[in-house]
Amino acid sequence: MSLIPGFDIALSGMKTAQTQLDLVSRNISNADTEGYTRKTASQKNLVVAGSGMGVTLNSVDRVVDESLLKSYLASNGAYGQYSSVNDYLGKTEMLLGTTSGDNSIAANVGSLQTAFETFALDVTSASARYTLLTNAQTITSRLNSIATEIQKYRGDADLNIKEDIDEINNNLKTLDDINEKIVKYKVMGYDGVADLEDQRDQILRSLSEKIDISYFKRKNGSMVVQTTSGITLLDNDPHYLSHTPVSQVGPTASYAGGEIDGIYVDGKDITNLIKDGELKGLIDIRDNILPSLQSQLDELAGELKDAINAIHNQGTAIPAPSSLTGSRTFIDAAQQRIKIENGDVRFVIFDQSGKQVATASLGGDMGFTEGTIEEMTQAIQDWMTSPTGGNLPQAVVKIDDNGNLLIDTGDSNYSFGIIDQASSAIGSEQQNVTIKFAANGSENYDFQYSGFSSFFGMNDLFTSSNNNSVYDTKVLSKNTNLNITEQVVWGFSSSSQGLNFASIVINPGDSIQDIVDKINNDPTLNQTVRASLVPNGNGYIMRIVDANGDQLEIQENRMNGDPSSGLMEKLGLQVSNATMASSIGVRDDIQENPNLIAGGSPEFNANSGEFQLTKSANDIAIDLTEVFSQSLSFNQAGAIGATQTTLANYASTFVGTIAAQKSDAQYNVDYQNELCSSISTKEATISGVDIDQELGYMIIYQQTYAANAKAFTANKEILDMLLNII
């Protein structure tokens, strides 16, 4: 070996050892830096014309197991999803209380039951009435507040979605910047590519907690990031997400219905394509978990209201009222019709002492069993004002400006009661009559109700602002067979548009999605009415909503006398309980005067042949207590299927369901957190810096440097000697 090349070989060895020492120093100094991976550089021999010319280093590489990184990203995404769900379920669980606690909605139902039982023991007790009123107000206020908070949580989740999207977009921008640097550094041969890749991996970890991602690398070092469903988030440029949070969320507002904005990438809605991460958890909270709970609350409130009102409408306050206004709203009383079957309705006028002054049956005496609502009010008005009838010339019976039935004796000295009987004969057995209703004014009565007073809502205990503006089907699958062989026409009426202002034709073979599309695409209907398929439990409900909140009636249009197709019954389409929990309350005048709570009904005295009001009558109060021990029918609502159970048990069920979901979410959070930790530990054993190992390498490279330095020195001494000789 000649002396001059020897210098080059020794210098290359010294430089290589120095670079390796620099790498060791970097590794040791960054041993505790989050995301830092151990850096190495392999050596290779320099060969020129078949002769060795020393050594050099390949590029600096990271010690990384890519499969572990991908496993971490997947687990971190699951952790983000369950963590966001767990946070909101924790708030919800506190809101509802525990199944065994005194602060739960189930406990409120129990307290109301106890108050009714106490009231039934002595309906003349003022304290019992006030206690009953207080408990009724408590449960309605609790339902109102829970419903309000649930919608607030949904709004918060929607805002969190926007915040996460902003963070995702920032991460995508950072990844894009790092990509550009890595490509540039590789082309220019700059050091630092490995450190940039460390930074990029850290951003990926942060990104994976927000949204499910996968990635691959191009030969130039750049990275392509996609969602697991194949939506590109980063390639040559970032593809940013967008979402406009809703300003206020209501019980009927949904992403499926279009009231809540989707999540978009390049104009494409990817909301339902997000599979994991905090975004997925927030979407589930906003669109599934909380709406499911809301529907359960609405179902509880609706059954409570209907069951109590059905009994309360059979009774009367003592002293009886001289004026009552119904809660049912009619769109056009001059055309909408009713038919009374299975009995008759008796009206009784009482004086101040509770003694009968006059009485008559609607069918047998007044001659009305079928006709328009206006014809019925006129028949009652004629009897009440007639000298041979009620003899109350100031009496008013009409449909008021709000569309409700008003009955007023016109004289505070006289009151009235409404009694359903098995027949027209005075004193016949008290039982609810059947009311058939034709909402579109035809003679086809598609709707049936029990009890005259209950149908009109003349003596409700609980009221709500739910004015039949929302209709829901039962839970269906998207491919539900409508099972019709001929065309079916649905007509639509509303308080703002009038009777039969629009209709749609449903054909054999149509799906529920087709029905939704026909409603939304009809140029007349879509001005005020919208339809959607809303996820509910294991399927969907078809929801039809009057966008203005107006009274809405949907009825099958057919020729008089033609049989119904039964399609509405098959689908379970009926007025929805949606918004019931947020709007239920005790009737205003009862809140001001609890003496209006009905404890009994007018009693027939067989000896006198007349009705009388007895203050101690408690037949209605007893029936009201039995409501709480009866198995009522609840429709499927979210995670709870259709069932028959008591009010308290139903309340306990959904409180327990939330508790179980919270427990499952917490378990999944703990599991995924532990899994992430385990993967990180495994990564650390491969990618982390072992200081003892690095110190060992340091000794080796110091010795290597020293050996090359000695070779260089020896070469120099020999060369000096030769020069001196010359």
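Which residue in β14 is the bridge partner of Val348? I'll start there, because the hairpin is an easy place to get oriented in this model, which is a predicted one. The partner of Val348 is Thr359. The two strands are β13, residues 344–350, and β14, residues 356–361, and they pair in the antiparallel sense over 5 bridges. Together β13 and β14 make a hairpin, with 5 residues between them. In that turn sits Gly354, with a positive phi of about 85°.

Now the overall picture. The protein chain has 726 residues, and 50% of them count as buried. There are 15 helices and 33 strands. The radius of gyration is 39 Å, whereas a compact globule of 726 residues would be near 27 Å. The extents of the C-alpha trace along the principal axes are about 155 × 55 × 35 Å.

Next, one helix. α2 covers residues 66–96. That is 31 residues, and the distance from the first C-alpha to the last is 45 Å, close to the 45 Å expected at 1.5 Å a residue. Right after α2 comes Gly97, which has a positive phi, near 85°. As a reminder on helices, residues three or four places apart point the same way, because an α-helix has 3.6 residues a turn.

α2 also takes part in a pocket. Which helices each supply at least two residues to the lining of the second largest pocket? They are α2, α5 at 193–210 and α14 at 647–687. The volume of this pocket is about 470 Å³. It has 22 lining residues, and those closest to the centre are Gly35, Tyr36, Gln202, Arg205 and Glu683. Sorted by class, the lining of the second largest pocket holds 7 nonpolar, 8 polar and 7 charged residues.

From the pocket to the enclosed space. How many cavities of 30 Å³ or more does a search of the whole structure find? The count is 3. The largest cavity contains about 110 Å³ of space. Its lining consists of 14 residues, and Gly315, Thr316, Leu324, Ile418 and Asn459 are nearest the centre. Strand β18, residues 415–421, gives the largest share of that lining, with 3 residues. By class, the lining of the largest cavity has 7 nonpolar, 6 polar and 1 charged.

Two open sheets next. The first one I'll show has 3 strands in the order β8-β9-β10, with antiparallel pairing. Its edges are β8, at 241–242, and β10, at 268–269; each has a single partner strand, so one side of each is left without a neighbour in the sheet. β8 is joined to β9, residues 264–265, by 2 bridges. Within that pair, Ser242 stands opposite Tyr264.

The other sheet has 4 strands, in the order β25-β26-β22-β28, and the pairing is again antiparallel. Here the edge strands are β25, at 529–536, and β28, at 574–575, each pairing on one side only. Inside the sheet, β22, residues 470–472, and β26, residues 539–546, pair over 3 bridges in the antiparallel sense. Tyr471 has Ile544 as its bridge partner in β26. For anyone looking at side chains here, a regular strand has them alternating between the two faces of the sheet.

Last, some backbone geometry in the loops. Where is the cis peptide bond that ends at Pro319? It runs from Ile318 to Pro319, with omega near 0°. Pro319 belongs to the loop between α6, at 277–312, and β11, at 323–325.

Then there are two asparagines with positive phi. Asn342 has a phi of about 60° although it is not a glycine. Asn342 is in the loop between β12, at 337–341, and β13, and β13 is one strand of the hairpin I opened with. Asn391 has a positive phi too, about 55°, and is likewise not a glycine. The loop that holds Asn391 runs between α7, at 373–385, and β16, at 396–399. Is Asn391 buried, partly exposed or exposed? At 47% relative accessibility it counts as partly exposed, because the exposed class begins over 50% and the buried class is under 20%.

That is what I have for today.

Conventions: Residues numbered from 1 in each chain as written. Predicted model: local features only at pLDDT ≥ 70, side-chain atom pairs only at ≥ 80, totals over all residues. Heavy atoms only, no water. 1 Å grid on protein atoms, 1.4 Å probe; cavity = no way out; pocket = protein on both sides within 12 Å on 5 of 7 lines; lining within 4 Å. Points joined across faces, edges and corners; volume = space filled by probe spheres on them. Nonpolar A, V, L, I, M, F, W, Y, C, P; charged D, E, K, R; others polar. Pairing = 2+ DSSP bridges. Expected span 1.5 Å × (residues − 1). Rg over C-alpha atoms; globule rule 2.2 N^0.38 Å. Buried < 20%, exposed > 50% of the residue type's maximum accessible area, 1.4 Å probe, protein only.
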